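Grab a pencil and work through a few short exercises. Try each task on your own before you read its solution.

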Amino acid sequence: MCPPQFRDEMNCPQCSKPDVIEIEHVLPDGTQVLFFACHNCEERWWNRDGEDIDISQVLEIVRQHRA
């Protein structure tokens, strides 16, 4: 896992503020995802291969690997 990075060039989709942090994760099956969080409004979202994904999709990948 890489250390968190602040994304100056990215605005939050909820509040439009540029206080977004990005954290890179590799899930147990090798899937690479990005987690984003806004420090201003606390909005959180995930991205895989350039497309937003729901937290339930991330949790399902982890659950399948643990089964």
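Here come four exercises on strands, turns and ring pairs.

This is a predicted model, in which local features need pLDDT of at least 70 and side-chain atom pairs count only at pLDDT 80 or more, while totals for chains, interfaces and linings use all residues. Residues are numbered from 1 along each chain as its sequence is written, and side-chain values use heavy atoms, with hydrogens and water left out.

**Exercise 1.** Find which strands pair with S3, and in which sense.

Step 1: Get the terms straight. Strands are DSSP runs (E, at least two residues), numbered from the N terminus, and two of them pair if DSSP finds at least two bridges between them.

Step 2: Look at one partner. Strand S2 (residues 20-26) runs antiparallel to S3, and seven bridges join them. One place to check is Val 20, whose bridge partner in S3 is Cys 38.

Step 3: Now try strand S4 (residues 44-48), which pairs with S3 in the antiparallel sense over four bridges. Here Phe 35 has Trp 46 as its bridge partner in S4.

**Exercise 2.** Work out why S3 counts as largely enclosed by the rest of the structure.

Step 1: Use the cut-offs: buried is under 20% relative accessible area, exposed is over 50%, and partly exposed is in between (1.4 Å probe, protein chains only).

Step 2: Apply them to S3 (residues 32-38). Five of its seven residues are buried, so the strand is largely enclosed.

**Exercise 3.** Track down residues with a positive phi in the loops and turns.

Step 1: Keep the usual case in mind. Most residues other than glycine have a negative phi.

Step 2: Check the hairpin of S2 and S3, with five residues between the strands: Gly 30 in its turn has a positive phi of about 95°.

Step 3: Move to the hairpin of S3 and S4, which also has five residues between its strands. Glu 42, not a glycine, has a phi near 70°, and at 57% relative accessibility it counts as exposed.

Step 4: Don't skip Ser 16, in the loop between S1 (5-7) and S2. Its phi is positive too, about 70°, although it isn't a glycine.

**Exercise 4.** Count the aromatic pairs and sort them by geometry.

Step 1: Rings of Phe, Tyr and Trp (its six-membered ring) pair if their centres lie within 6.5 Å; planes under 30 degrees apart are stacked, over 60 edge-to-face, the rest tilted. That gives two pairs.

Step 2: Phe 35 and Trp 46 make a tilted pair, 5.0 Å centre to centre with 55° between the planes. They sit eleven residues apart, in S3 and S4. Phe 35 is buried at 16%, as is Trp 46 at 13%.

Step 3: Phe 36 and Trp 45 are stacked, with 5.4 Å between centres and 15° between planes. Both are buried.
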